[in-house]
Amino acid sequence: MLRFVSLALLLLLTPSLAAAEPDSVTFTKVVLTDAYYCDGIQAGDINRDGHTDIVAGPFWYAGPTFQEAHAFYSAEKLPPEVSPSNSMFSFVHDFSGDGWPDILVLGRVHKHAAYWYENPGQHEAAWKKHFAFERVRGESPALVDLHGDGHVQVICHWEGQWGWIEPNETEPRRPWRFQPIGEKGDWPQFYHGEGVGDINGDGRTDLVINDGWYEQPSERNSLWKFHAQKFSTDRGGAQIFCDDVDEDGDTDVITALNGHEWGLAWFEQISVEGKRTFRQHTIMGNRSEEAQYGVAFSQPHALDLADINGDGKKDIVIGKRRWAHGPEGDVEPSAPPVVYWFERTQSNEGNVKFVPHLIDNASGVGTQIQATDVNDDGQADILTASKLGSFLFLRDGPK
């Protein structure tokens with residue numbers, strides 16, 4: 001067990017700054033570790049004590065103080081200049097069915113198999129490592145419940161088909177199986193842009209990728225119809241989220257445009273000659289467009305959607321990935337590794353605008369960021385991991 005000597009030593013009391021004026025929403029920065037172990041992070045009550053814990057790389061940090069780091073597999077500090085770690089995503093879920101939250105760890109797309117670690121519960125025992133699947137293709141897989149029945153899946157593609165991997169319900173410790181949903185295609189293993197949401201409003205969760213969306217059918221074993229729709233004509237971003245951004249009753253799409261270069265946008269669902277399509281609204285562009293949108297940073301490779309200021313509207317939490325391909329790779333690799341939240345506002349005329357607010361400029365993101373309430377105060381806190389370490393930003397003040 002790794003113990004941090006004092007929480008006070010971890011707190012950097014640096015209020016966030018808005019893009020243009022002082023911000024009423026501020027955060028306290030907690031450095032979980034300043035070493036590079038992972039690129040993904042997620043919350044969950046690992047020890048079932050009623051307090052939310054944080055999982056990042058080989059450690060889970062015990063809430064509510066997050067002063068103790070417990071290793072559930074062998075920890076190895078990594079040099080931040082080289083390729084990413086074997087922990088790109090962490091997901092917390094009870095895969096074994098024994099009532100204790102387990103941890104799924106996904107590594108690099110082309111190098112690492114997916115494994116889940118079984119929570120030993122109240123026993124002081126090692127976490128058992130279980131093989132899940134050979135590779136999880138796609139840069140931003142998500143753990144979701146596609147059918148609303150309590151069973152989870154990891155969206156990905158395999159052998160030319162999109163679909164998901166999932167555990168065996170009756171024998172959870174056996175290797176997972178892949179379930180394809182569409183016809184075969186030429187999908188690169190490093191595919192950028194994927195998520196889920198109910199695009200057509202039929203109450204079923206669809207699979208959304210940068211090239212379009214797969215419509216979930218009413219019959220469980222039927223093929224999912226693919227609707228072509230380019231959400232980014234660039235490389236494609238990272239996580240894709242669905243929400244009624246303009247509050248007109250249908251589902252819009254939010255995503256980064258290139259996870260290794262520039263761009264963030266929301267796509268308004270519209271009808272053209274009776275056909276569903278989407279209109280792009282840029283939220284953030286490249287350096288030459290910084291004055292227009294209020295901020296510009298490259299490599300927006302991780303984002304989340306949450307109501308940050310408590311106004312009932314979902315905002316965007318996003319940041320700059322730190323050295324995805326080393327200190328000389330990609331665009332502006334050594335620019336400040338920032339984390340921002342983009343406040344969703346809407347005028348009386350219905351015009352939507354996302355206002356950028358700086359949270360931090362010395363952390364950035366890896367491939368996974370999460371906005372969730374970890375201290376039970378009713379406000380969204382922010383978790384992020386990068387080559388600079390693992391971080392928690394606690395939302396300050398009353399709701």
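**Entry 1: salt bridges**

I began with Lys313 and Glu247, whose side chains meet in a salt bridge with N and O 3.8 Å apart, and I kept in mind that I am reading a predicted model. I then looked up where the two residues sit, and found Lys313 in the loop between β25 and β26 and Glu247 in the loop between β21 and β22, so the pair links distant parts of the chain, 66 residues apart. For Glu247 I noted a relative accessible area of 46%, which makes this residue partly exposed.

Next I turned to Asp243 and Arg344, whose side chains also meet in a salt bridge, here at 2.9 Å from N to O. Because Asp243 belongs to strand β21 and Arg344 to strand β27, this pair ties together parts that are 101 residues apart in sequence. I checked the surroundings of both partners and wrote down that Asp243 and Arg344 are buried.

The third bridge I looked up joins Arg287 and Glu332, with the closest N and O atoms 2.5 Å apart. Arg287 lies in the loop between β24 and α2 and Glu332 in the loop between β26 and β27, so parts 45 residues apart in sequence are tied together. I found Arg287 partly exposed at 33% relative accessibility, and Glu332 partly exposed at 29%.

Which residues are joined into one network by salt bridges that share partners? I listed Asp243, Glu247, Lys313 and Arg344. For the structure as a whole I noted 13 salt bridges.

**Entry 2: aromatic rings**

I searched the whole structure for aromatic pairs and noted 21 of them. In one of these, the rings of Phe95 and Trp176 have their centres 5.3 Å apart and their planes at 50 degrees, so I recorded the pair as tilted. Phe95 is in the loop between β9 and β10 and Trp176 in the loop between β15 and β16, so the pair ties together parts 81 residues apart in sequence. Are these two residues buried or exposed? I found both Phe95 and Trp176 buried.

I then looked at Tyr214 and Phe226, where the ring centres are 4.7 Å apart and the planes stand at 50 degrees, so this pair is tilted. Tyr214 lies in strand β19 and Phe226 in strand β20, 12 residues apart. Tyr214 counts as buried at 3% relative accessibility, whereas Phe226 is partly exposed at 32%. Ring pairs link these two with Trp162, Trp187 and Tyr191 into a cluster.

**Entry 3: charges over rings**

Last, I noted that Arg48 lies over the face of Trp100, 3.8 Å from the ring centre, and that Arg322 lies over the face of Trp323, at 4.5 Å from the ring centre.

Note on methods
Residues numbered from 1 in each chain as written. Predicted model: local features only at pLDDT ≥ 70, side-chain atom pairs only at ≥ 80, totals over all residues. Heavy atoms only, no water. Phe/Tyr/Trp six-rings, centres within 6.5 Å; stacked < 30°, edge-to-face > 60°. Helix = DSSP H or I, 4+ residues; strand = E, 2+ residues; numbered from the N terminus. Buried < 20%, exposed > 50% of the residue type's maximum accessible area, 1.4 Å probe, protein only. Lys NZ or Arg CZ within 6 Å of the ring centre and 35° of its normal. Salt bridge = Lys/Arg side-chain N within 4 Å of Asp/Glu carboxyl O.
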